[in-house]
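Trainee: Please take me closely through one part of this model, the sheet that carries the second strand, and then show how that part sits in the rest of the chain.

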Amino acid sequence: MRVKDVMTRYPVCCVSDDTAQAVAQTLRNEDIGSMPVVTDGESQRLEGIITDRDLCCSIIAAGLDPKTTPVGPFVTRDPVICRPEQSLDSCERLMQTHRIRRIPVVDDEARCIGILSQADLARSEDAPKVHMTVAEISRPSLAIIMPAPSTQSLWSLTT
């Protein structure tokens with residue numbers, strides 16, 4: 001099966017100048033978790049992708065005003081992409097390797113023509129295969145960041 005057979009066609013997109021609030025409202029209204037960012041509505045050339053997590057963790061948590069803050073600086077540039085002719089298996093491997101839930105689909109001119117999501121896979125693949133992909137994507141990071149021990153803790157450990 002090919003990506004073009006199961007992808008969501010004509011995804012809702014935004015531009016870098018759109019405000020965080022406008023993008024968040026679109027994500028909510030469309031019931032989606034990310035949006036391709038394109039150069040403009042006409043060319044649809046992919047610039048990157050913005051997620052609900054980007055909005056929350058980079059804009060809201062930093063205390064920036066979502067009504068006036070453009071999303072441009074918070075866009076993930078050069079996201080993992082796939083082509084419509086690619087096999088679905090190859091894109092599932094990309095999702096697993098990069099631990100991502102959605103992949104923009106671009107044509108030969110780098111125009112965003114679709115998006116492949118976990119939901120698209122769930123509707124088209126058998127349950128064990130989807131389970132494996134979701135499990136890989138959701139696997140916790142191997143990096144564990146621990147706070148530096150305080151001087152008191154170090155002293156207690158050495159005495």
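Mentor: What follows starts with the chain as a whole, goes through the sheet strand by strand, and ends with the pocket and the other sheet.

The model is predicted. The protein chain holds seven helices and six strands. Read from the N terminus, the elements run α-β-α-β-β-α-β-α-β-β-α-α-α. Of the 159 residues in the protein chain, 33% are buried. Among contacts in the protein chain with a separation of 6 or more, 59% are between residues 24 or more positions apart.

The part you asked about is an open sheet of three strands in the order β2-β3-β4, and its pairing is antiparallel. At the edges stand β2 (34-38) and β4 (76-77), each of which pairs on one side only. Helix α2, residues 20-30, packs on this sheet and touches both β2 and β3. The direction of α2 makes about 130° with that of β2.

Take β2 and its partner next. Strand β3 covers residues 46-51, and five bridges pair it with β2 in the antiparallel sense. Two of the residue pairs can be named: Met 35 stands opposite Ile 50 in β3, and Pro 36 has Ile 49 in β3 as its bridge partner.

How many of the residues of β2 are buried? The count is five of five, so the strand is described as mostly covered. Ser 34, Pro 36 and Val 38 are buried on one side of β2, and Met 35 and Val 37 are buried on the other, which leaves both faces covered. An edge position in the sheet, with pairing on one side only, therefore goes together here with burial on both faces of β2.

Strand β3 is mostly covered as well, with five of its six residues buried. Its second pairing is with β4, through two bridges in the antiparallel sense. In that pairing, Gly 48 has Arg 77 of β4 as its bridge partner. Helix α3, residues 52-60, lies across β3 and β4 and runs at about 70° to β3.

From here the largest pocket leads towards the other sheet. This pocket holds about 440 Å³ of space. It is lined by 15 residues, and those closest to its centre are Thr 51, Arg 99, Ile 100, Arg 101 and Arg 102. Each of β3, α3 and β5 supplies at least two residues of the lining, and the largest share, three residues, comes from β5. The pocket lining thus includes residues from β3 and from α3, the helix that lies across β3 and β4.

Arg 99, one of the residues closest to the pocket centre, comes just after helix α4 and takes a positive phi of about 50°. Helix α4 itself covers residues 88-98, and its buried residues are Leu 88, Ser 90, Cys 91, Glu 92, Met 95 and Gln 96.

The other sheet is also open, with three strands in the order β1-β6-β5 and antiparallel pairing. Its edges are β1 (8-9) and β5 (102-106); each has a single partner strand, so one side of each is left without a neighbour in the sheet. Strand β6, residues 112-117, is joined to β5 by five bridges, and the two run antiparallel. Arg 102, which is among the residues closest to the pocket centre, has Ser 117 of β6 as its bridge partner.

One residue of helix α5 belongs in the account of this second sheet. Helix α5 covers residues 118-124 and includes Asp 120. Is Asp 120 buried or exposed? Its relative accessible area is 2%, and Asp 120 is therefore buried. The side chains of Asp 120 and Thr 8 are joined by a polar contact of 3.0 Å. Apart from its neighbours within four places in sequence, Asp 120 is in contact with Val 6, Met 7, Thr 8 and Ile 115.

Notes: Residues numbered from 1 in each chain as written. Predicted model: local features only at pLDDT ≥ 70, side-chain atom pairs only at ≥ 80, totals over all residues. Heavy atoms only, no water. Pairing = 2+ DSSP bridges. Helix = DSSP H or I, 4+ residues; strand = E, 2+ residues; numbered from the N terminus. Buried < 20%, exposed > 50% of the residue type's maximum accessible area, 1.4 Å probe, protein only. Polar contact = N/O pair within 3.5 Å; in protein donor to acceptor, adjacent residues only side chain to side chain. Contact = heavy atoms within 4.5 Å. Axes fitted to C-alpha atoms, helices over the stretch in contact; angles between N-to-C directions. 1 Å grid on protein atoms, 1.4 Å probe; cavity = no way out; pocket = protein on both sides within 12 Å on 5 of 7 lines; lining within 4 Å. Points joined across faces, edges and corners; volume = space filled by probe spheres on them.
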